[in-house]
Amino acid sequence: MNKFKFTIFIFIVVICSFIIAYPYITDFINRYKEVEPKEMTLKSGEYIVGEDMNQGIYDIEVINGKIKFMQKELSAKDKILGVELTNGEHIGVEGKGKVRLSPANFETIKMSKAGQYEIHHSGFYKIGLQLPEGEYILSYAGKTEKEKPFVQILSSNREVLNTYDFEDKKNYKIVPKKGDILEINKCLFFESDSIVINLKPL
């Protein structure tokens, strides 16, 4: 095989390889490129992030009815804040009602007149952005017959650092740092209006 034929052969191999690999390359790029989350309303059904909605961090609010969103029972006006949805993730909505997904607002939690931070909605709260870093006494007010609150401190990439389940204690001393995420579940499998999570600075 002379040099010219060898060059043509290599060119054909490269072109064929590119044609075969192109769908996989574009899928990889689309999967990981930055896409802004967009507001949308969902009803009962199955959804795939990246196909039916953009990936991103969302505030979830039930507009009307009673639904089960990602296995959590929610009623009208219930909210779960700062929920991260990633490409390829399957989102299930069950029941009769509608739920609104909005780009996360990351609203700052203000200190109450009682000198503590009071969290009224389950969700994921950024330390240093929504709450100051520091030492706190973590507790809760209100009662539920079914479950107790479940709280975790996560790293910035959402790895679990500490877990607090209130099974044996009524309060905990916690020290979240800037960049950490405070995961609040007022109840694991449903949302309770009667429960408030309290963070009292030390």
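**Close-up views of Glu-183 and of strand β6**

**View 1. Glu-183 within strand β13.** Glu-183 lies in strand β13, which spans residues 181–185, strands being DSSP runs (E, at least two residues) numbered from the N terminus. The model is predicted, so that local features need pLDDT of at least 70 and side-chain atom pairs count only at pLDDT 80 or more, while totals for chains, interfaces and linings use all residues. Residues are numbered from 1 along each chain as its sequence is written, and side-chain values use heavy atoms, with hydrogens and water left out.

**View 2. The surroundings of Glu-183.** Glu-183 is buried (under 20% relative accessible area, 1.4 Å probe, protein chains only) and yet has no salt bridge, that is, no side-chain nitrogen of Lys or Arg within 4 Å of its carboxyl oxygens; the nearest side chain of opposite charge, that of Arg-158, is 7.4 Å away. Beyond its neighbours within four places in sequence, Glu-183 is in contact (heavy atoms within 4.5 Å) with residues including Phe-124, Phe-150 and Leu-154.

**View 3. Strands β1 and β2 against β6.** Strand β1 (residues 40–42) pairs with strand β6 (residues 90–103) in the antiparallel sense over three bridges, where pairing requires that DSSP find at least two bridges between the strands; Leu-42 has Val-99 of β6 as its bridge partner. Strand β2 (residues 45–48) is likewise antiparallel to β6, over four bridges, and Ile-48 stands opposite His-90 in β6.

**View 4. Strand β3 against β6.** Strand β3 (residues 56–69) pairs with β6 in the antiparallel sense over eleven bridges, and the bridge partner of Ile-60 in β6 is Leu-101.

Methods
Buried < 20%, exposed > 50% of the residue type's maximum accessible area, 1.4 Å probe, protein only. Lys, Arg positive; Asp, Glu negative; His and termini not counted.
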